[in-house]
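Notebook open, model loaded. I wanted to look at the open and enclosed spaces here, then at the packing around them.

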Amino acid sequence: AEARERASQLPFDGRHLTEWLHERGVNCRYLGRLATLAVEEEEKDAKDEKDILTQKSKTIATKTISKSWLELLECEMVARAAKHVLDEYLLEAGGIAASQPSIIIAAFLSALMSTSEESAADTERRLAKNGDDGGDEQLTLLDVCEDGFRIRGHDEVWTDITKEIGRRFRYKLRLYNNKDPKASSRASLVPLLRRVCQRTGVRIFAKNYNMGSKGLCNMGGSYPIASADIVAIVPMVKHAASVKPEFVPCANGAVTANASL
């Protein structure tokens with residue numbers, strides 16, 4: 001109801017969404033339920049609009065659900081699921097995959113930011129257009145390393161993420177990884193990339209990446225995000241302290257009350 005009544009006050013990214021929900025006592029495991037309600041509200045608004053255009057109704061709703069609400073919820077769910085899927089990939093084969101994290105992460109992010117997998121002919125045309133000889137990129141569909149871990153392609157990565165979202169949030173994606181152009185046009189990839197990097201601790205170079213097109217994911221190289229674009233991987237640690245300015249740790253009160261101790 002608040003998403004409809006106060007659309008101008010909705011959070012604008014995943015981090016603020018988490019804080020916004022926690023302030024209202026809502027756990028993030030209910031993101032799927034919130035997204036389902038948002039879909040129902042959008043369908044209701046679309047029906048009301050259609051009834052007005054066909055003159056079946058003369059009543060115009062003063063407030064409608066913001067389209068950005070569902071987009072934000074799905075983006076956060078994909079980012080959270082992507083974190084767990086990437087962890088599984090890095091722990092594969094007894095943790096051997098973590099010996100080359102930049103290759104695994106670059107291929108994973110490239111799969112997230114692309115719509116399908118490049119063929120060898122597509123890669124040749126792209127390299128010729130950019131005036132590049134390919135460098136370390138090999139025109140091959142090789143996805144198995146000598147150490148035994150695998151590089152997943154676009155379809156396999158999104159299949160794993162979809163399963164993880166269904167398991168954790170009981171939700172089926174409507175916008176992301178959707179073949180319908182109208183729905184996929186609402187799936188913003190730049191906020192998703194930013195949120196995935198925040199959740200996983202990955203740092204990449206700030207530059208224009210060719211997102212929303214065909215990508216390449218294999219041991220020879222990845223596109224649009226290459227292993228050379230991975231700057232660092234920062235450890236992420238959960239803690240109970242709040243970043244809110246009004247937060248006062250309990251320890252401060254204890255020290256003040258028992259200064260003599």
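**Second largest pocket**

I started with the second largest pocket, which holds about 450 Å³ of space. A reminder to myself: this is a predicted model.

I pulled up the lining next and got 16 residues, with Glu42, Ala46, Lys67, Lys182 and Arg186 lying nearest the pocket's centre. By class, I have 9 charged, 6 nonpolar and 1 polar residue in that lining.

Which helix supplies the largest share of the lining? I found that α3 does, with 6 residues. α3 (31-53), α4 (67-90) and α9 (181-184) each put at least two residues into the lining of this pocket.

**A look at α3**

Since α3 kept coming up, I checked its length. With 23 residues at 1.5 Å each, α3 should span 33 Å, and its end C-alpha atoms are 33 Å apart, so the two agree.

Then I listed what is buried on α3: Leu31, Gly32, Ala35, Ala38, Val39, Glu42, Asp45 and Asp51. Glu42 caught my eye, as it is buried and also among the residues nearest the centre of the second largest pocket.

Just past the helix I noted glutamine 55, which follows α3 and has a positive phi, near 60 degrees.

**Nonpolar core**

Next I went to the largest nonpolar core, which has 58 residues. Phe108, Leu109, Ile161, Tyr176 and Leu192 have the most contacts inside this core. Two or more residues come from each of α2 (14-23), α3, α4, α6 (101-113), α8 (154-169) and α10 (189-200). I have α4 down for the largest share of the core, at 14 residues.

I picked Leu109 for a closer look. What does leucine 109 contact, leaving aside its neighbours within four places in sequence? My list reads Leu193, Val196, Val202, Ile204, Ile225 and Ile230.

**Cavities**

Last, I searched the whole structure for enclosed space and got 2 cavities of 30 Å³ or more. The largest cavity has about 60 Å³ of space.

I wrote down its lining as Tyr89, Glu92, Ile104, Ala107, Phe108, Arg150, Ile151, Arg152 and Val157. α6 gives the most to this lining, with 3 residues. The split by class for the largest cavity is 6 nonpolar and 3 charged, with no polar residues.

One overlap to flag: Phe108 lines the largest cavity and is also among the residues with the most contacts inside the largest nonpolar core.

Conventions:
Residues are numbered from 1 along each chain as its sequence is written. This is a predicted model: local features need pLDDT of at least 70, side-chain atom pairs count only at pLDDT 80 or more; totals for chains, interfaces and linings use all residues. Side-chain values use heavy atoms; hydrogens and water are left out. On a 1 Å grid over the protein atoms alone, a cavity is a set of points where a 1.4 Å probe fits but cannot get out, and a pocket is an open set with protein on both sides within 12 Å along at least five of seven lines; lining residues have an atom within 4 Å of a point. Grid points are joined across faces, edges and corners, and a volume is the space filled by probe spheres set on the points. Helices (H or I, at least four residues) and strands (E, at least two) are DSSP runs, numbered from the N terminus. Ala, Val, Leu, Ile, Met, Phe, Trp, Tyr, Cys and Pro count as nonpolar, Asp, Glu, Lys and Arg as charged, and the others, Gly among them, as polar. The expected span of a helix is 1.5 Å times one less than its number of residues. Buried means under 20% relative accessible area, exposed over 50%, partly exposed in between (1.4 Å probe, protein chains only). A nonpolar core is a set of buried Ala, Val, Leu, Ile, Met, Phe, Trp, Tyr and Cys residues joined through side-chain atoms within 4.5 Å. Contact means heavy atoms within 4.5 Å.
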